[in-house]
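Please walk through this model step by step, with the viewer open beside the text. Start with the whole chain, then move to a single helix.

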Amino acid sequence: MHIFILGHSNEADGRLSAASESRIAFAISLLKDFRSKNRTAYLLATGGFGDNFNISETPHHIWVENQIRKYGLSAQLRSGETLRSAHTVEDAILIKQYCVDNHVQSFLIVTNAFHFARTKLVFDAIFKPTSVRVLAAPDPTEIDERHFAHERDSVGRLETQGGVIWGDEFYPLVL
């Protein structure tokens, strides 16, 4: 099983946001559950650069991967080099290509509760809903009304346009 950890934000020095840390902890708990059942699972982090989440000189996924290594999970970690996204739609597009390239049929997406509705809409539109499960890590206390308002606005835009637009592609919402 592939477990993709969606990027959130980090400071210029690489310190991860509490939301990123929450996603990592939740993904590691999923990984440990798979391992306890003698099932293979891999962790992959998304995230590149963006004014709203990573202004450092290092891609976000590297900061997340470094944190996962601190837990001694290097063997279960796969590089997010091809997953250098700047936002949720790009996460889905890049993960789709990764899945094609690596023959991945089903997988898990880890985000936070505040980001769950938008993530589910985007991934269900781009993938068959039966091939992907979106799971929500707990929201840390740093998540405030500003984050919830941004998510409501983003979900509203998706609903208004009836789907996800990526370049010339249109992926209708699965309702």
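Colour the whole chain by burial: 50% of the 175 residues of the protein count as buried. This is a predicted model. Show the accessible surface next; it comes to about 8,900 Å², and carbon and sulfur atoms account for 52% of it.

Switch to the C-alpha trace. Along its principal axes the trace spans about 45 × 35 × 25 Å. The radius of gyration is 15 Å, which agrees with the value near 16 Å that a compact globule of 175 residues would have.

Now use a cartoon view. The protein has five helices and six strands, and from the N terminus the order is β-α-β-α-α-β-α-β-α-β-β. Draw the contacts between residues at least 6 apart in sequence: 69% of them join residues at least 24 apart.

Select the charged side chains. There are 18 positive and 21 negative charges, and the mean positions of the two sets lie 9 Å apart.

Next, select helix H4, residues 116-126. How many of its 11 residues are buried? Eight are, so the helix is largely enclosed by the rest of the structure. The buried residues of H4 are Arg-118, Thr-119, Leu-121, Val-122, Phe-123, Asp-124, Ala-125 and Ile-126; show them as sticks.

Keep those sticks and add their surroundings. What do the buried residues of H4 pack against? Two helices are on the list, H3 (88-102) and H5 (145-161). The strands to add are E3 (107-112), E4 (132-137), E5 (163-166) and E6 (169-172).

Technical notes:
Residues numbered from 1 in each chain as written. Predicted model: local features only at pLDDT ≥ 70, side-chain atom pairs only at ≥ 80, totals over all residues. Heavy atoms only, no water. Helix = DSSP H or I, 4+ residues; strand = E, 2+ residues; numbered from the N terminus. Rg over C-alpha atoms; globule rule 2.2 N^0.38 Å. Buried < 20%, exposed > 50% of the residue type's maximum accessible area, 1.4 Å probe, protein only. Contact = heavy atoms within 4.5 Å. Areas by Shrake-Rupley, 256 points an atom, 1.4 Å probe, with all protein chains shown as cover. Lys, Arg positive; Asp, Glu negative; His and termini not counted. Charge placed at Lys NZ, Arg CZ, Asp CG, Glu CD.
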